[in-house]
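This report describes selected helix packings, core residues and single positions. Please read it alongside the sequence and the model.

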Amino acid sequence: MKFVLPPTVMSAVSLLFADFMALKSRLENPFAPHDGVLPEPPDIFNPILRFAVCSDIHNRNDRFCAMMDACYAYADAAAGYRKLDAVLIGGDFTNSGFYDEMVQFKAALDASLRRETVPILCIGNHEYFACKRRNETEYGTTEQKFRAVFGAEPDAVYQINGFTFLAASYDESGKHFFGREKRGFYRQALKTARLHSREKPIFVLQHPHPALTVYGSWYWADFTTGRLWRKTPNVVNFSGHSHYPMNDPRSIWQGSYTALGTGSLKYFEIEKELRCGFYGSVPDAAAQFYIVEADAKGSLMIRCYDLNTASFFGTPYYIDKPSDKGSYRYTYQNQRRADASPAFPPSPVFSLTQDCRGNHLLTFSVAADRFAVHDYKIKVQDILGRTVYSDSHLSEYYLLSRDSRYITVNLGRRLQKGREYTISVWACNCYYRLSKPMKKRFLVAE
């Protein structure tokens, strides 16, 4: 049997990490409120700027075009301002970085964007695969191909409706943002934007998450750029790379600035007990992006959209004063405090059956949480108290079209006929808090 730590031990380790992130949150921004109260979006919001944000398309140009259709439908139906001013694409728009892939994505841009919409792109690590891993240099370096196809610089500043946008791309390694000239360019862009307006947000686009900020940034992270952004509170940073779902409340982070994880338009990836590289039962089902609006004073309304269900999901993020660190409420500490332990319903379904192949299937009612139940921790013990099965089962909360009433877990053929087992299930939320266990004794049929 594969050895897996008991759920209580796994949860304790994860909670230590959550405590660390909460402490970091307090130290980084000690004046931010930590009362567990989150912003209520206003009923009336009058934007003067609207743009979409996505990343990690990986050649799913059909989904990108569908995303643009959804964005324009939303803008056209708006009561007042009806433009879509820009679309931000946070890298990995190709899968291998070949010239033909870039040309194909440029064709998708040209086919789906209206003249009013400015495309803003940065280079991700997958754009370097052709040159660095397969030695494909027929069309030049990644940067040369990018300039030739898109007619833009990898690092660039855009001014749209009085707001500054900064695209920050990987350097030639496809792994870092090294280079004194590159960092100097970013510093000057931020300085100029701050001189122009100390109140309005400065939108920064990069591929990897700044380290130890949003969900996924403890692995899929860059440790260099955050040192630049943290000196400018009105930075609103968008990043991808992890493919971690936007449904998770940790996908927004506020500390010394604001950061958001962008999900993916290709496939979901997710962590399991702080380990990366896990995929759900439908890994290619990712189709999430943001629609961002700003009003005249710089306040932000950020909405999450799911293409598979053609609907917005979650409560919109509302940031009244992006430049005021003392007003930040989407800190790790505050959101964690806003959440409570998940709970199972009073009379849950809890059953054990067997399929035609002899596998035992455990079915139980889902638990409820303010944000989301991240996973379920399951332990099976025999009558002597020995653990015969112990694992965490991802809840797939990011699949909005799933049947969300029950969870079924295949326990395999570990259970022997005619024997009794005690099965315990805990629900675990995104801040690693466990529910009270749901426990029942089962006699396996002969």
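The text below covers two helix pairs, the nonpolar core and several individual residues.

This is a predicted model, in which local features need pLDDT of at least 70, side-chain atom pairs count only at pLDDT 80 or more, and totals for chains, interfaces and linings use all residues. Residues are numbered from 1 along each chain as its sequence is written, and side-chain values use heavy atoms, with hydrogens and water left out.

**Helix packing**

Helix α2 spans residues 61–76 and helix α3 residues 99–112; they pack at an angle of about 20°, and their axes are 10 Å apart. α2 is therefore roughly parallel to α3 (angles under 35 degrees count as roughly parallel, over 145 as roughly antiparallel, 65 to 115 as roughly perpendicular and the rest as oblique). Helices and strands are DSSP runs, H or I of at least four residues for helices and E of at least two for strands, numbered from the N terminus. Axes are lines fitted to C-alpha atoms, for helices over the stretch in contact, and angles run from 0 to 180 degrees between N-to-C directions.

The crossing of α2 past α3 is right-handed (the near helix is turned clockwise from the far one by less than a right angle; anticlockwise would be left-handed). On the α2 side the contact (heavy atoms within 4.5 Å) is made by Asn61, Phe64, Cys65, Met68 and Tyr72, and on the α3 side by Gln104, Phe105, Ala108, Leu109 and Ser112. These residues of the contact of α2 with α3 comprise 7 nonpolar, 3 polar and no charged. In this division Ala, Val, Leu, Ile, Met, Phe, Trp, Tyr, Cys and Pro count as nonpolar, Asp, Glu, Lys and Arg as charged, and the others, Gly among them, as polar.

α3 also packs with helix α5 (residues 142–150): the axes come within 10 Å and cross at roughly 30°. α3 and α5 are therefore roughly parallel to each other, and their crossing is right-handed. From α3, Tyr99, Met102, Val103, Phe105, Lys106 and Leu109 take part in the contact; from α5, Thr142, Lys145, Phe146, Val149 and Phe150 do so. The residues of the contact of α3 with α5 divide into 8 nonpolar, 1 polar and 2 charged.

**Nonpolar core**

The largest nonpolar core has 78 residues, of which Phe64, Met67 and Phe238 touch the most other members. A nonpolar core is a set of buried Ala, Val, Leu, Ile, Met, Phe, Trp, Tyr and Cys residues joined through side-chain atoms within 4.5 Å. Helix α2 supplies the largest share of this core, 6 residues. Leaving out residues up to four places away in sequence, Phe64 touches Cys54, Ile57, Val87, Ile89, Phe105, Ala108, Leu109, Ser112, Leu113 and Leu265.

**Single positions**

The table gives burial for six residues. Buried means under 20% relative accessible area, exposed over 50%, and partly exposed in between, with a 1.4 Å probe and protein chains only.

| Residue | Relative accessible area | Class |
|---|---|---|
| Ser25 | 5% | buried |
| Glu181 | 72% | exposed |
| Glu273 | 15% | buried |
| Gly412 | 14% | buried |
| Thr422 | 18% | buried |
| Tyr432 | 4% | buried |

Ser25 belongs to helix α1 (residues 7–28). Apart from residues up to four places away in sequence, Ser25 touches His34, Thr331, Tyr332 and Gln333.

Glu181 lies in helix α6 (residues 180–196). Glu181 and Val13 are 168 residues apart in sequence, and their C-alpha atoms are 41 Å apart in space.

Two non-glycine residues in loops have positive phi. Glu273, with phi of about 55°, sits in the loop between β11 (270–272) and β12 (275–278). Tyr432, with phi near 65°, lies in the loop between β21 and β22 (438–443).

Gly412 is in the loop between β20 (406–410) and β21. With neighbours within four places in sequence set aside, Gly412 is in contact with Gly358, Asn359 and His360. The C-alpha atoms of Gly412 and Phe289 are separated by 37 Å, with the two positions 123 residues apart along the chain numbering.

Thr422 lies in strand β21 itself (residues 420–429). Not counting residues up to four places away in sequence, Thr422 touches Lys379, Val380, Gln381, Lys439, Lys440 and Arg441.
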